[in-house]
Every structure is written in C-alpha cells, then in structure tokens.
Amino acid sequence: MKRTKTRALTMAAGVLGVSVTLLGTASAQPTDGPGPDEPFGHLGTGQVLPPTPDEDTMFSIADWVGNGGAVTASAIETLPISVTVGCQGGGSVRVHVGGQAPADFTVQCPVGSVGVGSVEIPARPGRDFQFTVHTSDPSIHWGINALQIRPVHQD
C-alpha cells in the first residue's frame, strides 16, 4: 500500500500566532484564539505529553501554559483521528475539537502528576479541525497530540 504524506507542517503553537515547524501529516494555520475576555497562553518549557514520533501524527504541542489551540486541515479523510490531551497544575482543561464531527471533553489536571483524556473522531469527508483548550487557571500546563488511526493488519 502506497502512502502519501506531508512531512512538514506549520502550525500555531497555541493562540499567540507563534509559528513552529513540526513533522506530521497535515497542514495547519493559527487559530482565532480565545474570546476577547480570555487571556492568551504561552509556550511552556517542559513536556506534559511526550510527542508521538509516528508518521501518522498530525501535530503535537509538548507544553503550553494557559488557553490555546491549533487548526489543522488535509488529514486523510478515510482515517479516524485520536486526540489526546494531558495537563497538570491543579484545576481542569476543557477541550473542544471543532469540525464536521465536533467533540468536547474535560481533563482533570492534578498537582504533581499528569491527567490525561482523549477522544476519537470518526472518519468523515471535509476534514478541517479546530482544537481549542480552555484552562480553569492561567498557570495550568497542557500538551496535545493528534494522530490519524490506521487499521491494524493481522498477518
């Protein structure tokens, strides 16, 4: 089976419009960000979630502090995606994945360890996604991994 993929993508690391180059299978653009009464977050210096070094990774943000998000497009439409968010620092994060198959979930963020939550988005045509993370406290650190799920072939 032949696979075609885009190896370099540019995405907004959160809502500040800071562009970084990552490896992945999607392209991305900056998000509109939180509402006017919500503060922007900033890039963290740690690693809340380890990146997924997989050819099916759409994008990863290792550590972001406060509100943020990203927008991606051009995922392979015949594959579902898995979105995993980890957070720490007390409180919680609300995650919204916008698109034709929207999903919302909340992750509790313990102090001293990482809370993790995930959701699977079914395969659908017209695959543009906006990932938005709202923190209950501006000091909460979080990370996100989004990847396409390939079927497991049994030989």
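**Ile-121, the salt bridge and the disulfide**

Ile-121 lies in strand E10, which spans residues 115–121. The model is predicted. With a relative accessibility of 2%, Ile-121 counts as buried, because the limit for a buried residue is under 20% relative accessible area. When residues up to four places away in sequence are not counted, Ile-121 touches Pro-80, Ile-81, Val-97, Ala-101, Ala-103 and Phe-129. One of these partners, Val-97, is separated from Ile-121 by 24 residues in sequence and by 8.8 Å in space, C-alpha to C-alpha.

The protein chain that holds this strand contains 12 strands and 0 helices. Read from the N terminus, the order of elements is β-β-β-β-β-β-β-β-β-β-β-β. Of the 155 residues in the chain, 45% count as buried. Among contacts with a separation of 6 or more, 68% are between residues 24 or more positions apart. The accessible surface of the chain amounts to about 7,800 Å², and carbon and sulfur atoms account for 54% of that surface.

A search of the whole structure returned 1 salt bridge. Side chains of opposite charge can pair when their charged atoms come close. In this model the side chains of Asp-56 and Arg-150 form the salt bridge, with an N to O distance of 2.8 Å. Asp-56 is located in the loop between strand E4 (42–43) and strand E5 (57–65), and Arg-150 in the segment after strand E12 (141–148), so the pair ties together parts that are 94 residues apart in sequence. The two residues were also assessed for accessibility. Asp-56 has a relative accessible area of 6% and is therefore buried, whereas Arg-150, at 22%, is partly exposed.

The count of disulfides is 1. The bond joins Cys-87 to Cys-109, with an S to S distance of 2.1 Å. The angle about the S-S bond is -95°, and the link of Cys-87 and Cys-109 is left-handed. Distant parts of the chain are linked by this pair, which is 22 residues apart: Cys-87 belongs to strand E7 (residues 81–88), and Cys-109 to the loop between strand E9 (103–108) and E10. Cys-87 is buried, its relative accessible area being 0%. Cys-109 also counts as buried, at 3% relative accessibility.

Strand E10 thus appears in two of these descriptions: Ile-121 lies within it, and the loop that carries Cys-109 is between strand E9 and E10. Strand E7 holds Cys-87, and Ile-81, one of the residues touched by Ile-121, falls within the range 81–88 given for strand E7.

Definitions and conventions:
Residues are numbered from 1 along each chain as its sequence is written. This is a predicted model: local features need pLDDT of at least 70, side-chain atom pairs count only at pLDDT 80 or more; totals for chains, interfaces and linings use all residues. Side-chain values use heavy atoms; hydrogens and water are left out. Helices (H or I, at least four residues) and strands (E, at least two) are DSSP runs, numbered from the N terminus. Buried means under 20% relative accessible area, exposed over 50%, partly exposed in between (1.4 Å probe, protein chains only). Contact means heavy atoms within 4.5 Å. Accessible areas come from the Shrake-Rupley method with a 1.4 Å probe; for residues, only the protein chains shown count as cover. A salt bridge is a side-chain nitrogen of Lys or Arg within 4 Å of a carboxyl oxygen of Asp or Glu. A disulfide is a pair of cysteine sulfur atoms within 2.5 Å.
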